[in-house]
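Thanks for making the time this morning. I would like to walk you through one structure, beginning with how its helices pack and ending at its metal site, so please have a look at it first.

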Amino acid sequence: MKLTPQLTRALNEQMNYEFSSAHLYLAIAAYVADLGLDGFVNFFQIQYQEEIFHAQKFFQYINDRHERIEIHGFDTPPKTFDSVLSAFELALEHEEAVSARIHGLVKLAHNETDYFTVNFLDWFIKEQVEEESTFHSIIDKLKLVNDGAGLYLLDQELKQRIFTPPVQSK
Ligand SMILES: [Fe+2]
């Protein structure tokens, strides 16, 4: 069963969007590096790796369906942010936009009665709940601690994050 041209295009767009998400998080990592917040750098470097992993899942899936993968360029991410909190708020907004896009893809896959793709996207539906939750909880903490000693402690906490790719990669 072939992917429809519309679905192929939409999956390619999402793959490229995941790569651009990776770049956005790398830009935030650069911003927090400039502030000397190594734990936050670690957090966003891992977020970067996660986005690359997401993009690669789309790459692999389009390839598995024997369609053409298309790599695009993307916009330059912001260089600076008003604060660590506003960088996280932007990240959360970004993840909410990703969730909306994934929902749109699921809808399209249903319309095309492509249940292979519906099944493939199920992983991303679950993942987006986690992504939004991660950013929400750090935003809550940032609002509690303000700057200074609290930020330092949160920075220490974020040093602990490690990248663990899921065992089932498809
Ligand atoms: Fe993602």
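What kind of crossing does helix 1 make as it passes helix 4? In this model, which I should stress is a predicted one, helix 1 passes helix 4 in a left-handed crossing. The residues that make this contact are Leu7, Leu11, Glu18 and Tyr25 on the side of helix 1, and Thr117, Phe120, Phe124 and Phe135 on the side of helix 4. Sorted by character, the residues of this contact comprise six nonpolar, one polar and one charged.

As for the geometry, two packed helices are described by the angle between their axes and the distance between the axes. Here the axes of helix 1 and helix 4, the latter spanning residues 115-145, come within 14 Å and cross at roughly 25 degrees. Angles under 35 degrees count as roughly parallel, and helix 1 and helix 4 are therefore roughly parallel to each other.

Please keep Glu18 in mind, since that residue takes us from the helix contact to the metal site. The iron ion has as its protein donors Glu18 and Glu51, each through OE, and His54 through ND1, and these lie 2.1 to 2.2 Å from the ion. Along the chain, the donors follow the spacing E-x32-E-x2-H. Glu18 in helix 1 (residues 5-34) and His54 in helix 2 (residues 38-64) are 36 residues apart, and this pair links distant parts of the chain.

Are these two donors buried or exposed? Glu18 is buried, with a relative accessible area of 0%, and His54 is buried as well, at 1%.

How values were computed. Residues are numbered from 1 along each chain as its sequence is written. This is a predicted model: local features need pLDDT of at least 70, side-chain atom pairs count only at pLDDT 80 or more; totals for chains, interfaces and linings use all residues. Side-chain values use heavy atoms; hydrogens and water are left out. Donors are N, O and S atoms within 2.8 Å of the metal (3.2 Å for Na, K and Ca); water is not among the atoms, so sites may look incomplete. Helices (H or I, at least four residues) and strands (E, at least two) are DSSP runs, numbered from the N terminus. Buried means under 20% relative accessible area, exposed over 50%, partly exposed in between (1.4 Å probe, protein chains only). Axes are lines fitted to C-alpha atoms, for helices over the stretch in contact, and angles run from 0 to 180 degrees between N-to-C directions. Angles under 35 degrees count as roughly parallel, over 145 as roughly antiparallel, 65 to 115 as roughly perpendicular and the rest as oblique. A crossing is left-handed if the near helix is turned anticlockwise from the far one by less than a right angle, and right-handed if clockwise. Contact means heavy atoms within 4.5 Å. Ala, Val, Leu, Ile, Met, Phe, Trp, Tyr, Cys and Pro count as nonpolar, Asp, Glu, Lys and Arg as charged, and the others, Gly among them, as polar.
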